[in-house]
Amino acid sequence: MKLVIAIVQDKDSNRLSNALVREGFRATKLASTGGFLRAGNTTFMIGIEDERVSDVMQVIKSNCKVRDQLVSPVSPMGSTTDSYIPFPVEVQVGGAAVFVVPVERFEHF
């Protein structure tokens with residue numbers, strides 16, 4: 001058994017959740033916040049049999065897309081402004097960060 005932990009952007013969360021249900025996967029959703037952009041994320045925790053890991057990975061891959069987004073940097077507070085960029089920059093957001101870890105023991109009460 002494996003635990004799949006998928007961290008996805010909130011924009012992809014509902015689409016992924018619906019796709020997981022449609023394909024018969026059960027998942028727990030947790031609200032989370034990204035560090036770099038401080039944007040909302042959703043973390044999915046999916047317990048799955050070893051032989052179905054590739055199936056769940058395909059569902060995640062086809063429902064979580066990388067996209068470009070303009071971000072306005074926050075001005076520095078109390079530090080030098082030499083490296084401050086005063087105009088929006090384009091960054092890639094979205095997609096999914098996925099971890100697959102072995103489960104030593106599972107109990108359901």
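Read from its start to its end, the protein chain runs through the pattern β-α-β-β-α-β-β-β. Two helices and six strands make up this count. The model is a predicted one, and every value below was computed from it.

Some totals describe the chain as a whole. It has 109 residues, and 26% of them count as buried. The surface that the protein chain exposes comes to about 7700 Å², with 54% of that area supplied by carbon and sulfur atoms. Among contacts with a separation of 6 or more, 70% are between residues 24 or more positions apart. Several of the residues discussed below illustrate contacts between distant parts of the sequence, including Leu16, which touches Val59, with their positions 43 residues apart along the chain.

The two helices offer a suitable place to begin. Helix α1 covers residues 10-22 and helix α2 covers residues 53-63; their axes come within 9 Å and cross at roughly 145°. The crossing of α1 past α2 is right-handed. On the side of α1, the contact is made by Asp12, Arg15, Leu16, Ala19 and Leu20, while α2 contributes Val56, Val59, Ile60 and Asn63. By type, six of the residues in this contact are nonpolar, one is polar and two are charged.

Leu16, a residue of helix α1, deserves a closer look. Its relative accessible area is 0%, and because buried means under 20%, Leu16 is classed as buried. Beyond the residues up to four places away in sequence, Leu16 touches Val8, Phe44, Val59, Ile60, Asn63 and Cys64. Of these, Val59, Ile60 and Asn63 also belong to the α2 side of the contact between the helices. The C-alpha atoms of Leu16 and Val59 are separated by 7.5 Å.

From the helices the description turns to the strands. Thr43 has its place in strand β3, which spans residues 40-48. With a relative accessible area of 11%, Thr43 falls under the 20% limit and is therefore buried. The side chain of Thr43 is joined to that of Ser32 by a polar contact of 2.9 Å. Leaving aside neighbours within four places in sequence, Thr43 is in contact with Ile5, Ala6, Ile7, Thr28, Lys29, Leu30 and Ser32.

Ile5 and Ala6 appear again in the surroundings of Val98. This residue is found in strand β6, residues 96-102. Val98 has 28% relative accessibility; as this value lies between 20% and 50%, Val98 counts as partly exposed. Not counting residues up to four places away in sequence, Val98 touches Val4, Ile5, Ala6, Met57 and Ile60. Val98 and Ile5 are 93 residues apart along the chain, and yet their C-alpha atoms are separated by 5.6 Å. Ile60, listed here as a partner of Val98, is also touched by Leu16.

A residue outside the helices and strands completes the tour. Glu51 lies in the loop between β3 and α2. Its relative accessibility is 61%, and because exposed means over 50%, Glu51 counts as exposed. The C-alpha atoms of Glu51 and Met1 are separated by 8.6 Å, although their positions lie 50 residues apart along the chain.

Taken together, the four residues cover each class of accessibility: Leu16 and Thr43 are buried, Val98 is partly exposed, and Glu51 is exposed.

Technical notes. Residues are numbered from 1 along each chain as its sequence is written. This is a predicted model: local features need pLDDT of at least 70, side-chain atom pairs count only at pLDDT 80 or more; totals for chains, interfaces and linings use all residues. Side-chain values use heavy atoms; hydrogens and water are left out. Helices (H or I, at least four residues) and strands (E, at least two) are DSSP runs, numbered from the N terminus. Buried means under 20% relative accessible area, exposed over 50%, partly exposed in between (1.4 Å probe, protein chains only). A polar contact is a pair of N or O atoms within 3.5 Å; within protein, one must be able to donate a hydrogen and the other to accept it, and residues adjacent in sequence count only if both atoms are side-chain atoms. Contact means heavy atoms within 4.5 Å. Accessible areas come from the Shrake-Rupley method with a 1.4 Å probe; for residues, only the protein chains shown count as cover. Axes are lines fitted to C-alpha atoms, for helices over the stretch in contact, and angles run from 0 to 180 degrees between N-to-C directions. A crossing is left-handed if the near helix is turned anticlockwise from the far one by less than a right angle, and right-handed if clockwise. Ala, Val, Leu, Ile, Met, Phe, Trp, Tyr, Cys and Pro count as nonpolar, Asp, Glu, Lys and Arg as charged, and the others, Gly among them, as polar.
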